[in-house]
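Colleague: Hi, could you walk me through a few helices here?

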Amino acid sequence: MENKWNDTELPATDDLAQRIYTSRLLGVERQLIMHGGGNASVKTTHTNILGDCRAVIYVKASGADMAVVGQEGYVGLELDYLKRLSTLDNLSDEDMINEIRTHVLDYRCPNPSLETLMHVFIPYKYVDHTHPDAILTLTNQANADAHIRNALGSDVVVLNYITPGFKLAKAVYKALSGSPHCRAIVLMYHGLITFGESAKESYDLTIELVRRAKKYIERFSVNAMSTTTVEMARLRYNKIAPIVRGLLSLKTEDSYHRVILNHLSGEDVLTFVESERGREVALTPPITTDYLVRTKAFPLWIENPDFDNIGQQLSEAILNYKDQYEAYVNRHKMQDGLSAFDPLPRVIFIPGIGAICAGKDAGSAGIASDITEQSVVVKGAIASMGTYRAIEESEVFTMEYRHYQHAKVGARVEPPMCGHVALVTGAAGAIGSAICRELLENGCCVAVTDLPGEALDRLVEELSSLYYKRVLGVSMDVTDTHSVGQAFAKTVDVWGGVDLVIPNAGIAMVSMLENMSLETFRRVERVNIDGTLTVLSEAARLFRLQGSGGDIVLVSTKNVFAPGAGFGAYSATKAAAHQLARIASLELASIDVRVNMVSPDAVFSDGSRKSGLWKEIGPDRMKARGLDEKGLEDYYVSRNLLKASIKAKHVARAVLFFATRQTPTTGATIPVDGGLPDATPR
Ligand code: ZN
């Protein structure tokens, strides 16, 4: 591990700026800390509004990511008062949080770390606390003491596992008072604390100790290789992911609580699941109590997977896991005000596939997989050194069900489409892009599909900048069955399945029947009918495999009910697509798949994005009616009952209505047309 300290990069000489600089240097090292874990502090002074200069400490906020932390991620606290808490014998979590919250410098600040008092009680200016893989490899085994001494030297204090919070803070305080010359503290089953009078001193020490631990561990490493290639693992995963995802969905009164899956198929994970001791080691308690709310206390292991009959095997294994998890919860006492999580696994190890990690959204699934990867690396290294040792189950439970931990994940109200995956065709057009945006805004993960090209690239870039990993750009041609299959497969690969399909791709053409060539008619037919059929078929097969319902919302048109002269090809082909969707509603109701339609009238744009319909007919219509763009829009407004201008976002809202299952409805159409009596669905 490289020491990244660079004098020329040091932003300023003030204490907090230096604190932030080394926090970031530590934060970018995934082997040291992950996802808002770890914490750091600096003791300095602060002049208040009355001009009094007081001793203060800045501690990293709970959950703030050290890799990108700035001033807003540090909470200022009154140091002298908080130091006096070291004289107490006991302090409950609630009282501790109260003391901390009532001694902050800014009432708007986030909660500081649960380990705040530990930082307060350590009598050095800079304190760095990390959870390095290499240190955990030394601490989590039978003769940890000897390994730690041999690797790190004798001037490091080793502390037995203590629940993070006041108790740990007191223990660290006592240990340092007893060994004033120690260089650092190793916390069993937890991590490392370094300190110093300068930011550099403390940072250098973390890097030095982790380097020494890594070098020591390397001596024991054995070279093993998995017999499964990453490609094989991915192909198998693609077949079983929808089944797993279906089994991990929970039916609610009207819809489903769904999860996003993440596949771990790195060489280290594939080797681990095939290793002789893989199962035994994987099922041991976790290496630390970090992130238990994301991974659960133990994973599910599928022994001897039979890939031809995996559905049955998985469903039995998950039922069995539920029983085990409920038994684990019942063995311990739950704190007041908390309730048990659902009893479904978050991490599933399968030889020949790797690990499948689940989370209620893409972020949680990503955290679960990073923790799982760390666990594989650490537990794998320990297996080659000696005997794995871990925290007691009661402590695992205490940390999994702790108010402070739950506050990190539970406080937010989840958006209605959280954990759901949608695939939108023709996404780069006006209506398609508005639907993607509406779904993303409501927490959905969206596969944004369209023909390859600038329009798709531009949209994906725009949406990704707002919704990050919940956006997946996929080029797809709805007239090519292979391309459609690939797009669904890619979506399954990234999120584990699909729950909502929006067949929206369509093209229009203006021609009187007497002038229409069969060739041009067939061009429209291929997209509007064949394309819709292909997407409906692919969706139906996937939904059946997933076994947890699903929704399809077809973007139809007012022309299905009230066709227009010169619109033969468009009206006829859209009517066929509409009819296919109605048939799908009949065929798929028994597996709880709902198929509905929205029928807009003349949507020409979404902001600067012009619709395909507009490009095809706008200029002609304007010419025919002797109108400009604004005039044409006014014409369409004037012909509906509400005199409403129909926007792409209105269509998107109708889609969301069906997608969120507000009513038990299938095979139905919502007109989005401002009221056109001759186009009322019947
Ligand atoms: Zn910690």
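Modeller: Sure, here is a short chat about some helices and how they pack. This is a predicted model, where local features need pLDDT of at least 70, side-chain atom pairs count only at pLDDT 80 or more, and totals for chains, interfaces and linings use all residues. Residues are numbered from 1 along each chain as its sequence is written, and side-chain values use heavy atoms, with hydrogens and water left out.

Colleague: How do the axes of helix 1 and helix 8 cross?

Modeller: The axes of helix 1 (residues 15-27) and helix 8 (residues 199-218) come within 10 Å and cross at roughly 15 degrees. Axes are lines fitted to C-alpha atoms, for helices over the stretch in contact, with angles from 0 to 180 degrees between N-to-C directions. Helix 1 and helix 8 are therefore roughly parallel (angles under 35 degrees count as that, over 145 as roughly antiparallel, 65 to 115 as roughly perpendicular and the rest as oblique).

Colleague: Which residues make the contact?

Modeller: Gln 18, Thr 22, Leu 25 and Leu 26 of helix 1 touch Ala 199, Tyr 203 and Thr 206 of helix 8, where contact means heavy atoms within 4.5 Å.

Colleague: And what about helix 10 and helix 14?

Modeller: Helix 10 (residues 267-274) and helix 14 (residues 362-385) have axes that come within 10 Å and cross at roughly 60 degrees. Helix 10 and helix 14 are therefore oblique to each other. Asp 268, Val 269 and Phe 272 of helix 10 meet Glu 373, Val 376, Val 377 and Gly 380 of helix 14.

Colleague: New topic: where does helix 20 bend?

Modeller: Helix 20 bends by about 40 degrees at Glu 525, the angle between axes fitted to the seven residues ending there and the seven starting there. Just after helix 20, Gly 547 has a positive phi of about 65 degrees. Helices here are DSSP runs (H or I, at least four residues), numbered from the N terminus.

Technical notes:
Helix = DSSP H or I, 4+ residues; strand = E, 2+ residues; numbered from the N terminus.
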